[in-house]
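This is a short walk through the charged pairs and the nonpolar surface of one protein model. Please keep the sequence and the structure in view while reading.

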Amino acid sequence: MIIGIDASRSLRPNRTGTEVYNAEIIKYLIKNDTQNTYRLYSSKPPTGAMLNLGPHVEWRVMPFPRGWTLIRL
């Protein structure tokens with residue numbers, strides 16, 4: 001199964017609780033589920049700890065500054 005997640009909050013440079021929670025829940029799911037493929041969507045390329053999450057992770061960059069989730073997803 002392919003599981004799609006809006007991961008844009010996890011890539012924000014100045015993260016608050018919501019952004020940290022988003023990143024950690026994504027990392028936990030991917031670490032503990034090796035049977036499914038995770039397709040992570042964001043408006044910019046991944047960086048830092050979100051860059052190399054594993055072989056069953058695909059990033060899809062939707063280069064729209066606002067409203068990209070409404071338009072592209």
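**Salt bridges and a nonpolar patch**

R12 is partly exposed, with a relative accessible area of 40%. The model is a predicted one, and R12 is a useful place to enter it. The side chain of R12 meets that of E19 in a salt bridge, with 3.0 Å from N to O. Side chains of opposite charge can pair when their charged atoms come close.

E19 has another partner. The side chains of R9 and E19 also form a salt bridge, at 3.1 Å from N to O. This pair links distant parts of the chain: R9 sits in the loop between β1 (2-6) and α1 (17-32), while E19 belongs to helix α1, and 10 residues separate them. Taken together, R9, R12 and E19 are linked in a network of salt bridges.

How exposed or buried are the members of this network? R9 has a relative accessible area of 35% and is partly exposed. R12, at 40%, is likewise partly exposed. E19 is buried, because its relative accessible area is 5% and buried means under 20%. The network therefore joins a buried acidic side chain, E19, to two arginines, R9 and R12, that are each partly exposed.

The structure holds 5 salt bridges, among them the two just described, R9 with E19 and R12 with E19. One more of them can be found within helix α1. There the side chains of E24 and K27 meet in a salt bridge of 3.0 Å, N to O. Both residues lie in helix α1, 3 residues apart, which is about one turn of the helix. E24 is partly exposed, with a relative accessible area of 41%. K27 also counts as partly exposed, at 26% relative accessibility.

The last feature is nonpolar. Which residues make the nonpolar surface patch? The patch is made by Y21, I25, Y28 and L29, and its area is about 420 Å². Y28, one of these residues, is placed in helix α1. Y28 counts as exposed because its relative accessibility is 53%, and exposed means over 50%.

Helix α1 thus recurs along this route: E19 is in it, E24 and K27 pair within it, and Y28 of the nonpolar patch lies in it as well.

Technical notes
Residues numbered from 1 in each chain as written. Predicted model: local features only at pLDDT ≥ 70, side-chain atom pairs only at ≥ 80, totals over all residues. Heavy atoms only, no water. Salt bridge = Lys/Arg side-chain N within 4 Å of Asp/Glu carboxyl O. Helix = DSSP H or I, 4+ residues; strand = E, 2+ residues; numbered from the N terminus. Buried < 20%, exposed > 50% of the residue type's maximum accessible area, 1.4 Å probe, protein only. Patch = residues over 30% accessible without salt bridge, like charges linked within 9 Å, V, L, I, M, F, W, Y side chains within 5 Å. Areas by Shrake-Rupley, 256 points an atom, 1.4 Å probe, with all protein chains shown as cover.
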